[in-house]
Amino acid sequence: CGMVQIESLPGTSVETPLPLNALWIGPALAPLHQLCLLSAVAAGHPVRLFHYGKLDNVPGEIARADAREIFPQNAIIRHRRTGSPSIFADRFRYEIMRRGLGAWTDTDVLFLKPLLAETPMICGWESTSLVGNSVLYFAPGHEVLEELHRRAMDDHPVPAWYFPAHRAWLGLRKRWGRPVPVTALPWGVLGPGLLTDILRRQGKLDQAWPVHRLYPIPYKEKFGPFQSRYDFARRIRPDTIAVHLWAQGLQGGIAASRSGPLPLAEPGSLAARRARDIGFRL
């Protein structure tokens with residue numbers, strides 16, 4: 001299927017958009033995710049999409065890569081309650097950056113501007129309490145990345161940010177030889193929760209970008225980018241780089257207010273405008 005050779009990043013420049021990597025697990029890439037990846041291409045990024053086996057509907061501008069070169073397919077784990085492979089995707093992105101392959105983007109991130117190698121660590125607040133990991137860059141060997149990888153590979157973690165009673169219970173289960181698997185823990189345990197905890201412990205929370213740069217539209221307004229009446233201009237500033245579109249919630253995922261198919265982008269909406277700008281038909 002035209003897989004590209006996986007090469008490490010030889011060097012980064014603050015003037016050159018970072019190579020972006022993403023992962024898709026499934027038989028076909030949905031239109032919304034095609035739009036997001038193409039928006040990154042339009043912003044000047046080389047984009048590499050990792051996948052296992054056959055994958056349909058991948059635009060020609062997106063380079064394909066064999067995910068088995070990062071982790072074997074039998075390493076995929078899914079959240080016990082939701083069936084989502086997001087836990088595995090968290091592990092995958094940390095390994096990608098450890099190998100020096102560039103930055104990471106989830107497939108539901110709409111790029112407005114290029115992501116440049118401004119600093120050795122790029123991440124941003126997604127809310128008042130969590131630093132997101134949908135767009136992420138760490139230079140290989142970065143101390144945050146190394147701790148992220150080490151802790152994310154624990155199949156039976158005892159998250160340090162949980163309430164003391166919960167931590168004690170998980171610790172007892174582990175000592176008794178009946179540990180709780182990571183797949184049974186609450187959503188995001190290897191993602192924003194872990195990243196935020198590590199940044200706090202390493203004294204680097206102040207280095208996370210403000211929310212408007214990568215996550216300008218909050219989860220509670222997740223349908224806004226598809227609505228013509230939504231005033232997205234009040235959220236987006238001149239230095240906003242990307243917009244996380246919260247596709248999991250749009251599809252009735254974690255804490256979604258409603259379920260169903262991805263919404264159609266109304267004319268004049270943020271999604272429709274970006275699609276028009278890059279010549280993509282939603």
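Which hand does the crossing of α2 and α3 have, left or right? I looked this up in a predicted model.

**Entry 1, helix pair.** I took helix α2 as residues 86-98 and helix α3 as residues 143-152. Their axes come within 9 Å and cross at roughly 140°. I noted the pair as oblique, because angles over 145 degrees would be needed for roughly antiparallel. The crossing of α2 and α3 is left-handed, which settles the opening question.

I then listed the residues that make the contact. From α2 I have Arg 91, Tyr 94, Glu 95, Met 97 and Arg 98. From α3 I have Leu 145, Glu 146, Leu 148, His 149 and Ala 152. Sorted by class, the contact of α2 with α3 holds five nonpolar residues, four charged and one polar.

**Entry 2, backbone phi.** Most residues other than glycine have a negative phi. I looked up two residues with a positive value.

Asn 57 has a phi near 65°. I found Asn 57 in the loop that runs between β2 (47-51) and β3 (63-66). Is Asn 57 buried, partly exposed or exposed? Its relative accessibility is 46%, so I entered Asn 57 as partly exposed.

Trp 246 has a phi near 55°, again positive and again in a residue other than glycine. I placed Trp 246 in the loop between β8 (242-244) and α7 (247-250). Is Trp 246 buried or exposed? I entered Trp 246 as buried, because its relative accessible area is 10% and the cut-off for buried is under 20%.

Methods: Residues numbered from 1 in each chain as written. Predicted model: local features only at pLDDT ≥ 70, side-chain atom pairs only at ≥ 80, totals over all residues. Heavy atoms only, no water. Helix = DSSP H or I, 4+ residues; strand = E, 2+ residues; numbered from the N terminus. Buried < 20%, exposed > 50% of the residue type's maximum accessible area, 1.4 Å probe, protein only. Axes fitted to C-alpha atoms, helices over the stretch in contact; angles between N-to-C directions. Left-handed = near helix turned anticlockwise from the far one by under 90°. Contact = heavy atoms within 4.5 Å. Nonpolar A, V, L, I, M, F, W, Y, C, P; charged D, E, K, R; others polar.
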